[in-house]
Amino acid sequence: MYRNESTVMPMLALRGLSVFPGMMLTFDVERSASIAALNQAVRSDQMIFLATQIDPLADAPTADEIFRVGTVCRVRQQLHQPRGGITRVLVEGVYRAEATTIDTEEKYYVAAIHPLPDIEEKISAARREALLRNCLSLFDEYIQARPEMMNKQILNLLANPDPVYVSNYVAQNVQFPVEEKQKVLEEQRPCRRLAMLGKILNNELNIISIEKEISDAAQEAMNQSQREYYLREELKVIQAELGGEGDIDDVDVYRQKINALPVSAEIREKLLKELGRLAKQPFGSSEAAVMRGYLDVCLEVPWGKMTKETVDLEKARKILDDEHFGLEKVKERIIEYLAVKQLSHDMKGGLLCLVGPPGTGKTSIAMSVAKATNRKLCRISLGGVHDEAEIRGHRKTYIGSMPGRIVNGLIQSKSLNPLMVLDEIDKLSSDFRGDPASALLEALDGEQNNAFRDNYLELPVDLSQVFFITTANSLDTIPRALLDRMEVIELSSYTDEEKLEIVKRHLLPKQRKKHGLKASQLKMDDAAIRAVITGYTRESGVRRLEREIASICRKAATAVADGKVKSLNVKSEKLETLLGPVKYKPEMLRLQSEVGVVHGLAYTAVGGEMLDVEAIAVNGSGKLELTGNLGDVMKESAKAAVSYIRSRSDKLGIDRDFYKNLDIHVHYPEGAVPKDGPSAGITTCVALVSALSGRAVRHDIAMTGEISLRGRVLAIGGLREKTMAALRNGIKTVIIPADNLSDLAQIDQSVRAQLSFIPVSHVDEVLENALVDESAGLSLPVSVTVGTKKTGKTGVRQ
């Protein structure tokens with residue numbers, strides 16, 4: 001039996017097995033430590049302690065990775081296999097024991113154990129008999145449900161109905177998790193072991209019942225499948241007799257593909273219904289060709305296929321920084337999205353709208369976002385799209401019908417969670433065929449696009465995981481309902497310093513590689529790059545700048561290929577030989593203050609511009625003349641300025657009847673360029689006060705701001721671009737609305753450091769800072785070279 005005192009003996013750790021007292025167990029041993037322990041036991045008294053390891057995958061478990069309670073066993077038989085170094089052993093459990101210490105440092109495991117005898121229980125004989133019968137009954141059901149188990153096993157138990165033997169026998173022969181077996185092994189009370197086994201057997205029988213139901217259902221489905229197979233084979237023979245033997249094969253292939261799709265029952269039922277119609281079509285039917293085309297498109301949709309997004313923020317940030325300079329708002333928003341995605345796996349796709357002038361990198365940053373997020377990229381150009389069917393698709397009843405661009409984008413990307421770039425969304429138009437912008441409302445709404453229905457598919461497609469990025473040059477033409485669904489990020493024009501860095505980091509290396517030049521064969525210093533930026537380009541983005549760099553690379557490649565030079569080092573003074581005469585001539589800035597001439601600041605499609613406002617007052621009948629190709633808003637702003645001056649004429653030292661006796665003419669130079677917007681209000685007001693009072697306006701100051709009838713200065717937009725224009729034209733002081741002070745944080749630091757800003761909230765403050773103290777007549781301008789002046793502009797927005 002078992003020894004009462006603590007004993008030190010060899011120990012063997014079992015993987016996924018347990019042995020109970022009085023039971024036989026056969027298993028294979030291949031670990032060297034286990035074989036050594038087995039050999040030591042055989043050499044001594046045949047006794048060895050067997051305990052189950054917690055992690056069955058651990059090859060060399062530590063003492064903490066082995067259950068403490070196990071079974072002391074006698075080695076009955078040992079057989080060495082000729083191949084693989086495996087030993088098969090038969091052991092018999094003798095008694096329960098607990099290891100007080102386990103030594104894993106020796107050649108084999110050694111455990112100091114003490115026995116765990118069964119504990120007498122205070123339980124009635126009737127309850128003991130009930131537990132015993134319940135366990136035997138459940139074990140009998142288990143044997144009946146398991147064909148591989150022999151019925152004579154229950155006879156062995158009935159021949160020896162002892163609670164100790166029955167509990168050990170059942171626990172050894174029933175398949176259930178090792179953790180549960182360990183709990184039974186550790187229990188020293190036989191009747192409690194019977195109760196535990198009753199619960200375990202009940203659970204196992206429930207699982208076996210469910211397995212049987214699943215197996216029966218599968219068998220029934222297989223029988224049905226076989227029946228359909230025989231029927232289809234017969235149908236093939238009939239069809240072959242009629243001359244259309246290939247159609248049935250197509251139907252079978254379609255059926256297999258449809259059944260394999262990970263789609264909802266609604267979609268599968270719809271596709272199988274369409275397939276049933278196809279199977280009934282006669283040979284050579286034109287309708288059958290339409291149905292095949294429809295099924296082909298439906299099967300190409302990537303149902304259930306998604307790419308795994310990256311959650312490595314540092315990697316994503318590095319990709320964005322390596323491919324683009326600046327654009328911090330976009331990068332920050334993408335990193336925020338990935339951070340939230342990392343914490344919340346249920347987050348859906350996003351929707352961003354990047355708005356900015358041409359060439360500022362909207363489309364390219366969107367493509368970089370796809371790389372940073374590890375999503376497939378799908379780009380859809382919406383410029384000039386005017387048919388609603390381009391978005392939603394055509395009804396399949398029409399000849400040549402096809403799905404819309406969104407579903408086509410999913411098919412091309414082969415993923416249900418791509419990054420979809422909707423380029424030039426502000427260029428959408430509408431006509432009698434519908435409004436494509438309205439068709440986008442459902443697709444871009446995160447609350448309802450989980451069941452987007454294309455007119456061609458007529459099936460719900462989940463767009464909730466798609467990351468949409470739209471690009472636009474202006475928000476004015478985007479419908480309000482569509483704009484309300486998008487998170488707008490504005491991309492302003494680049495500063496000269498940013499363009500310099502973009503050329504050095506991206507454009508120049510890219511063009512050198514494109515033209516087959518090494519870095520040593522073409523070099524450009526900072527002065528030459530600045531000269532290209534200021535003398536040969538005037539744009540908000542860098543497209544024209546890249547073309548000029550490409551032109552230099554072509555000249556260099558030609559010179560190197562002809563053998564004239566081995567390398568070319570471009571200096572600013574050499575640019576005219578490479579790029580021709582300077583396209584943007586230096587501008588002349590007045591050095592003396594003049595009456596009626598004020599420097600205004602405007603925002604155009606290519607960035608900021610400085611725009612002079614000229615005003616004169618001559619004897620007349622009170623006419624107000626506004627010239628310079630002005631829009632209605634700008635004209636109304638000038639009229640508001642006149643009304644304000646009339647209300648303050650006494651304090652401003654102006655004849656109160658000037659509006660009757662004088663004709664006033666306000667002109668905005670470069671009359672071929674359309675101009676509009678309210679931000680020239682204070683500029684116009686200062687020009688009028690100067691012309692009417694004879695006081696000169698400071699030549700070194702520029703201003704921007706909207707004016708109200710009561711003289712309040714209101715906030716304006718485009719401050720970043722306007723301040724860059726002021727600096728470029730040699731202005732050192734800029735008057736801005738006080739409400740725009742918070743926008744100074746978005747201005748480039750190099751620009752802020754070189755400019756002095758005067759925030760104002762009333763026109764009186766503007767006049768106090770802009771007008772010189774003494775009266776002055778018109779003075780001849782003295783010129784100095786600063787900044788650049790473009791020979792022609794697109795529209796100007798004040």
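**Charges, rings and one asparagine**

Arginine 505 has a relative accessibility of 49%, so this residue counts as partly exposed. The cut-off for exposed is over 50%. Keep in mind that what you're looking at is a predicted model.

What does arginine 505 do with its side chain? It meets the side chain of glutamate 501 in a salt bridge, 3.3 Å from N to O. The two sit four residues apart in helix α17, which spans residues 496-514, so about one helical turn separates arginine 505 and glutamate 501. Glutamate 501 is partly exposed as well, at 23% relative accessibility.

That's one example from a longer list: the structure holds 26 salt bridges. Another of them joins glutamate 187 and arginine 189, with the closest N and O atoms 3.5 Å apart. Is glutamate 187 buried or exposed? Its relative accessible area is 14%, and since buried means under 20%, glutamate 187 is buried. Arginine 189, on the other hand, comes out at 29%, which makes it partly exposed.

Now jump to arginine 656 and aspartate 650, whose side chains meet in a salt bridge at 2.9 Å, N to O. Here both partners, arginine 656 and aspartate 650, are exposed. Salt bridges can also link up, and which residues form such a network? Look for Arg96, Asp118 and Arg193, which are tied together that way.

On to the rings. How many aromatic pairs does a search of the whole structure find? The answer is four. One of them is phenylalanine 139 with tyrosine 169, an edge-to-face pair with 6.3 Å centre to centre and 90° between the planes. Phenylalanine 139 belongs to helix α2 (residues 125-145) and tyrosine 169 to helix α4 (residues 163-173), so this pair ties together parts that lie 30 residues apart in sequence. Both phenylalanine 139 and tyrosine 169 are buried.

Tyrosine 169 has a second ring partner to look at: the centres of tyrosine 165 and tyrosine 169 are 5.8 Å apart, and their planes make an angle of 35°, so this pair counts as tilted. Why tilted rather than stacked? Stacked needs planes under 30 degrees apart and edge-to-face needs over 60, so 35° falls in between. Tyrosine 165 and tyrosine 169 share helix α4, where they are four residues apart, about one turn of the helix. Their accessibility splits them: tyrosine 165 is partly exposed at 25%, whereas tyrosine 169 is buried at 9%. Put the ring pairs together and Phe139, Tyr165 and Tyr169 form a cluster.

Charges and rings meet too. Lysine 181 lies over the face of phenylalanine 176, at 5.4 Å from the ring centre. Arginine 646 does something similar with tyrosine 659: its charged end sits over the ring, 3.6 Å from the centre.

The last stop is asparagine 769, in helix α27 (residues 763-770). Its relative accessibility of 24% makes asparagine 769 partly exposed. Which residues does asparagine 769 touch, leaving out those up to four places away in sequence? They are Arg698, Ile701, Ile735 and Ile758. Take isoleucine 735: it is 34 residues from asparagine 769 in sequence, and the C-alpha to C-alpha distance between the two is 8.5 Å.

Methods
Residues are numbered from 1 along each chain as its sequence is written. This is a predicted model: local features need pLDDT of at least 70, side-chain atom pairs count only at pLDDT 80 or more; totals for chains, interfaces and linings use all residues. Side-chain values use heavy atoms; hydrogens and water are left out. A salt bridge is a side-chain nitrogen of Lys or Arg within 4 Å of a carboxyl oxygen of Asp or Glu. Buried means under 20% relative accessible area, exposed over 50%, partly exposed in between (1.4 Å probe, protein chains only). Rings of Phe, Tyr and Trp (its six-membered ring) pair if their centres lie within 6.5 Å; planes under 30 degrees apart count as stacked, over 60 as edge-to-face and the rest as tilted. A charge sits over a ring if NZ of Lys or CZ of Arg is within 6 Å of the ring centre and within 35 degrees of the ring normal. Contact means heavy atoms within 4.5 Å.
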